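I opened this notebook page to record two searches, one for salt bridges and one for disulfides, and to note where the partners sit.

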Amino acid sequence: MIELRPELKAKLQNLPSSPGVYRYLDKTGKVIYVGKAKNLHRRVNSYFNRVHPVRRTNMLVHHIWDLVTVVVNTEEEALDLENSLIKQYQPHYNVLLKDDKSYPWICVTKEPYPRVYMSREKPNRAARFYGPYPKVEVARALIGTIREIFPVRSCRYSLTPESIQSGKFRLCLKYHLKSCPGCCKGYISVEDYGKYIDEIKQILNGDTKQVSDYLMDEMQRLSRELKFEEANELKRRYLLIEKYRAKSVIVNPSIHNIDVFTILRDDTAAYVNFIYVRNGSVVQCLTLEYKLVDADSDETDAELMSTAMREIHERFKDRYDKERVREALVNVVPEYPLEGTDYIVPQRGDKKKLLDISLKNAEQYRVDKYKLMEKLNPEQRVTRTLTRMQRDLHLTELPRHIECFDNSNIGGTSAVASCVVFRDAKPAKREYRSFNIKTVEGPDDYASMREVLTRRYSRLLDEGQELPQLVVLDGGKGQLSAAVQVLDELGLRGRIAAIGIAKRMNEIFFPGDSVPLYIDLNGETIKVIQHLRDEAHRFGIAHHRNKRSKSQIHSELDDIAGIGPKSKTLLLKHFKSLKRLREATVEEVAAVVGAKRAQALKQALQSK
């Protein structure tokens with residue numbers, strides 16, 4: 001096994017389980033291998049946890065000094081991105097895709113009578129290209145099905161109005177087989193033929209429902225006719241088309257030379273991701289981190305975006321000197337735009353998906369950074385989370401000890417309550433407590449909450465135990481008012497903070513304030529509160545089910561002194577029901593459980 005650098009080992013541990021592309025770099029920073037993965041964490045780590053049977057792979061692992069990853073949405077996008085990066089970097093240890101051979105495209109020519117065919121050539125403006133397709137079988141299946149549905153020509157004749165008028169072309173066999181409408185003789189107008197092409201383009205743009213429906217109908221027809229081999233071939237094509245979609249997000253020929261910038265911000269830093277797209281391919285992905293002085297820094301996202309753009313332009317100065325970039329995709333328009341560049345915030349389509357991938361990589365960079373920090377200092381994450389909660393909830397101290405209460409009953413019966421305890425934002429399950437409601441009759445959640453809180457905190461005070469910094473009530477203003485009343489009576493108002501959670505998860509109520517506080521749904525505070533409420537609900541429901549189950553098997557015999565489980569079983573086995581037991585004489589009962597128990601039993605049953 002090769003001894004890895006601590007920095008590389010930390011990166012391997014923190015890799016996401018998402019699809020993506022990874023690049024291995026040597027000591028000089030040169031890319032020596034590019035690979036794709038359905039699961040980046042599992043795939044990349046597989047290089048380093050064993051000795052490989054292939055010598056070339058062992059040599060690759062020996063030269064790996066660093067790695068860079070790009071996260072995407074699907075495995076198909078990873079295939080496309082891998083293709084473009086291999087052609088960009090020409091890595092030494094990659095065998096495939098280093099030449100001009102590429103993934104297949106489906107081409108629709110720009111002619112009066114367009115052709116539809118598969119091609120591996122580089123997309124150009126002479127035709128409309130769709131794809132690329134990760135497997136050639138997918139492209140062939142789609143073209144074959146399209147040609148079965150639509151009568152489109154496959155010949156390479158240059159069909160212009162003049163050439164058709166001259167009559168120099170002959171009808172081929174496909175016309176007689178009714179798979180071509182006779183374009184070379186002008187038997188179909190350009191407008192009518194164009195309708196076929198418009199529908200084909202719609203399918204190639206990703207709307208494959210028409211093709212799938214056609215294949216399914218044909219497959220069922222052939223099955224009914226017992227032509228199972230032909231039906232199986234259609235099934236294969238159907239599954240291929242269902243598995244893969246026609247459009248690629250990462251590599252799209254309609255997106256030529258463009259830059260993508262996204263900014264993400266938290267309390268301590270801002271992260272700007274940059275994706276470098278040239279000739280329809282992603283050739284560079286970089287994330288920059290900018291430390292913030294404090295969470296309320298005056299620097300806006302637009303100002304930070306401007307700073308990052310200038311730094312990135314300086315880093316890639318040689319490339320920008322050679323080619324002019326006139327369009328940039330951003331999620332925040334920079335404060336000081338670069339001259340001659342249009343900034344677009346896309347709302348839909350391929351450009352929006354490309355922007356989302358950039359934002360996803362910025363988020364992944366942030367997550368990886370915090371994971372690494374937490375490994376080096378586990379207490380740091382806890383402190384960061386508690387500090388965020390203290391600020392969001394306006395607390396006077398860190399909420400290291402939190403308790404959450406929830407009521408559970410059905411129509412007021414079997415009423416119970418639960419109390420869950422979190423320490424340092426994590427469940428302390430040994431300290432969970434459940435309560436049977438004793439003084440409240442009927443479904444009165446407020447009175448139940450008052451009883452539970454009084455019992456809980458009276459006991460903590462009597463025993464001199466530690467009090468929580470925060471109490472969370474699963475409910476709105478009513479439950480919170482009940483809690484405040486109890487805290488006032490016990491003299492704990494001001495020593496324990498209390499909040500109520502409404503049904504809408506991000507609405508937090510404070511004592512004496514009718515307007516709720518809205519918290520960021522993606523923040524640490526709401527995640528901890530949601531975990532608290534889920535635990536309180538789960539624990540309360542479990543206790544309520546146990547109590548309800550016991551009440552359902554309760555019998556009048558359980559309340560009679562001297563009649564234990566064994567006697568109860570003997571009586572019910574002999575008399576079958578309480579009605580027959582009531583009607584039986586003392587002598588008959590005594591024959592089962594004895595005279596003394598029989599006398600006590602009959603007296604107890606007669607008094608009820």
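Entry 1. I am working from a predicted model, and I began with Arg423, which is partly exposed at a relative accessible area of 28%. Its side chain forms a salt bridge with Glu431, and I noted 2.7 Å between the closest N and O atoms. I then looked up Glu431 and found that this residue is likewise listed as partly exposed, with a relative accessible area of 26%. Elsewhere, I traced one network in which Glu218, Arg221, Glu225 and Lys227 are joined by salt bridges that share partners.

Entry 2. How many salt bridges does a search of the whole structure find? I recorded 28. As a general reminder to myself, side chains of opposite charge can pair when their charged atoms come close.

Entry 3. I next took up the salt bridge between Asp266 and Arg366, where the closest N and O atoms are 3.7 Å apart. Asp266 lies in the loop between strand 7 (258–265) and strand 8 (269–278), whereas Arg366 belongs to helix 13 (residues 349–376), so this pair ties together parts that are 100 residues apart in sequence. Is Asp266 buried or exposed? I entered Asp266 as buried, because its relative accessibility is 15% and the cut-off for that label is under 20%. Arg366, at a relative accessible area of 21%, is partly exposed.

Entry 4. I stayed with helix 13 and looked up Lys352 and Asp356, which are four residues apart in that helix and therefore separated by about one helical turn. Their side chains meet in a salt bridge, for which I noted an N to O distance of 2.8 Å. Lys352 counts as partly exposed at 25% relative accessibility, and Asp356 is partly exposed too, with a relative accessible area of 34%.

Entry 5. I then turned to the cysteines, and the search of the whole structure for disulfides returned zero. Cys172 is in no disulfide, and the nearest cysteine sulfur, which belongs to Cys180, is 5.5 Å away. I noted Cys172 as partly exposed, at 37% relative accessibility.

Entry 6. Why does Cys404 form no bond with Cys419? The sulfur of Cys404 has its closest cysteine sulfur in Cys419, and I recorded 8.3 Å between them, which is too far for a bond, because a disulfide needs the two sulfur atoms within 2.5 Å. Cys404 itself is buried, with a relative accessible area of 0%.

Definitions and conventions:
Residues numbered from 1 in each chain as written. Predicted model: local features only at pLDDT ≥ 70, side-chain atom pairs only at ≥ 80, totals over all residues. Heavy atoms only, no water. Salt bridge = Lys/Arg side-chain N within 4 Å of Asp/Glu carboxyl O. Helix = DSSP H or I, 4+ residues; strand = E, 2+ residues; numbered from the N terminus. Buried < 20%, exposed > 50% of the residue type's maximum accessible area, 1.4 Å probe, protein only.
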